[in-house]
Amino acid sequence: MAYIFKRVHTKHRDFVTRTKCYYYARPGKKRRGVRVAPTGESKKKRNAHRAYLKRKYLIYNNFDIGDFWITLTYINAKLPETVEAAQRILMNVLSKLRKKLKRKNIPLVYFVKTELGEQGRVHHHLLIKNNFPVISYLYEYWKGFGNVKDFKEIYNLANGKLVSYMLRTPQENENDEADEKNEVKFSHSRNLAEPEIETRIYPAENFRENPKPPKSSEEGKVWVIENLNNWFPDIDGYIYQEYELVLKEVENVETIRSSGAKHPN
């Protein structure tokens, strides 16, 4: 038995997952055949969580403090009945916006969440790279459908609140798969930069519930582990671990330790 180590490098922090499982493909060994049985509930939850993580990595690797958080709403006369219909309207608007910006050599970089609100009204949340012409043209194209609300600059990515709200953590709902299919849709521009991913396979006996951070190659800085989570084996025998690596100044880390404050990991 072995465990799979995956470290995702983004601009703001690194994300590590460790999965201890009963099967992995060795080089030169024959792979298992295609599964024909229905997907189990535990597998569905793992798939949903992987999709959530992939989106989170994209956001952390492409957006920064100073970029924009925007909400688009609809007037009653233009309000679509479904999330799918709203998604088509928005993609049509963004397509027109992209073509106009292309003539001016301005990139359109965005991440979108379309959802059905508590009052049954569809709306969109957008993360957009800080570029004034993009925002100006977006106002122009959207005024025929509704209003541009919650126009704000991103001021904090480190605490994870904005990302969690944007993606809606899968564990928060028991029926997340149904919610994601019927009430939430995600999309993003094709020019988002994919993060660098490092994957390794280690013997199972090397798995630790309390891992140690790696040594930093940058002078005066250290890697610090935050948001460490361990999950017990599910019905398929998987043990899952997840945490974040943040590069911090040595003085800041020593200040936390000397004050006796509890570190956030």
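Two residues are in contact when heavy atoms lie within 4.5 Å. The model analysed here is predicted. In this model, threonine 114 makes such contacts with Val83, Ala86, Gln87, Leu90, Val122, His123, His124, Glu183, Val184 and Lys185, leaving aside neighbours within four places in sequence. Threonine 114 belongs to strand E4, which spans residues 110–116. Its relative accessibility is 0%. Threonine 114 therefore counts as buried, the limit being under 20%. A polar contact of 2.8 Å links the side chain of threonine 114 to the side chain of histidine 124. Histidine 125 lies 11 residues from threonine 114 along the chain, and the C-alpha atoms of these two residues are 6.4 Å apart.

Lysine 113 is also part of strand E4. This lysine is buried, with a relative accessible area of 2%. Not counting residues up to four places away in sequence, lysine 113 touches His123, His124, His125, Tyr165, Met166, Arg168, Val184, Lys185 and Phe186. One of these, tyrosine 165, has lysine 113 over the face of its ring, at 5.5 Å from the ring centre. The side chain of lysine 113 also makes a polar contact with the side chain of glutamate 115, at 3.4 Å. Arginine 7 provides another case of a charge over a ring. It lies over the face of tryptophan 223, at 4.9 Å from the ring centre.

The chain as a whole sets the context. It comprises 6 helices and 10 strands. Of its 265 residues, 40% count as buried. Among contacts with a separation of 6 or more, 73% join residues 24 or more positions apart. The exposed surface amounts to about 16500 Å², with 49% supplied by carbon and sulfur atoms.

Aromatic rings were examined next. A search of the whole structure yields 12 aromatic pairs. Tyrosine 74 and tryptophan 142 form one of them, with an edge-to-face arrangement. Their ring centres are 5.1 Å apart, and the planes meet at 65°. Tyrosine 74 sits in strand E3 (residues 68–74) and tryptophan 142 in helix H3 (residues 132–142), so the pair ties together parts that are 68 residues apart in sequence. Both residues, tyrosine 74 and tryptophan 142, are buried. Tryptophan 231 and tyrosine 240 form a tilted pair, with 5.4 Å between centres and 50° between planes. Tryptophan 231 is partly exposed, at a relative accessible area of 33%. Elsewhere, Tyr3, Phe5, Tyr202 and Phe207 make up one aromatic cluster.

Helix H3 was then considered along its length. Its buried residues are Val134, Ile135, Tyr137, Leu138 and Trp142. Viewed down the axis of H3, the buried residues fall within an arc of 165°, so they line one face of the helix. The elements covering these buried residues include E3, helix H2 (83–102), strand E5 (122–128) and strand E6 (146–153). E3 also carries tyrosine 74, the ring partner of tryptophan 142 in H3.

Definitions and conventions
Residues are numbered from 1 along each chain as its sequence is written. This is a predicted model: local features need pLDDT of at least 70, side-chain atom pairs count only at pLDDT 80 or more; totals for chains, interfaces and linings use all residues. Side-chain values use heavy atoms; hydrogens and water are left out. Helices (H or I, at least four residues) and strands (E, at least two) are DSSP runs, numbered from the N terminus. Buried means under 20% relative accessible area, exposed over 50%, partly exposed in between (1.4 Å probe, protein chains only). Accessible areas come from the Shrake-Rupley method with a 1.4 Å probe; for residues, only the protein chains shown count as cover. Rings of Phe, Tyr and Trp (its six-membered ring) pair if their centres lie within 6.5 Å; planes under 30 degrees apart count as stacked, over 60 as edge-to-face and the rest as tilted. A charge sits over a ring if NZ of Lys or CZ of Arg is within 6 Å of the ring centre and within 35 degrees of the ring normal. A polar contact is a pair of N or O atoms within 3.5 Å; within protein, one must be able to donate a hydrogen and the other to accept it, and residues adjacent in sequence count only if both atoms are side-chain atoms. The arc is that of the directions from the helix axis to the C-beta atoms.
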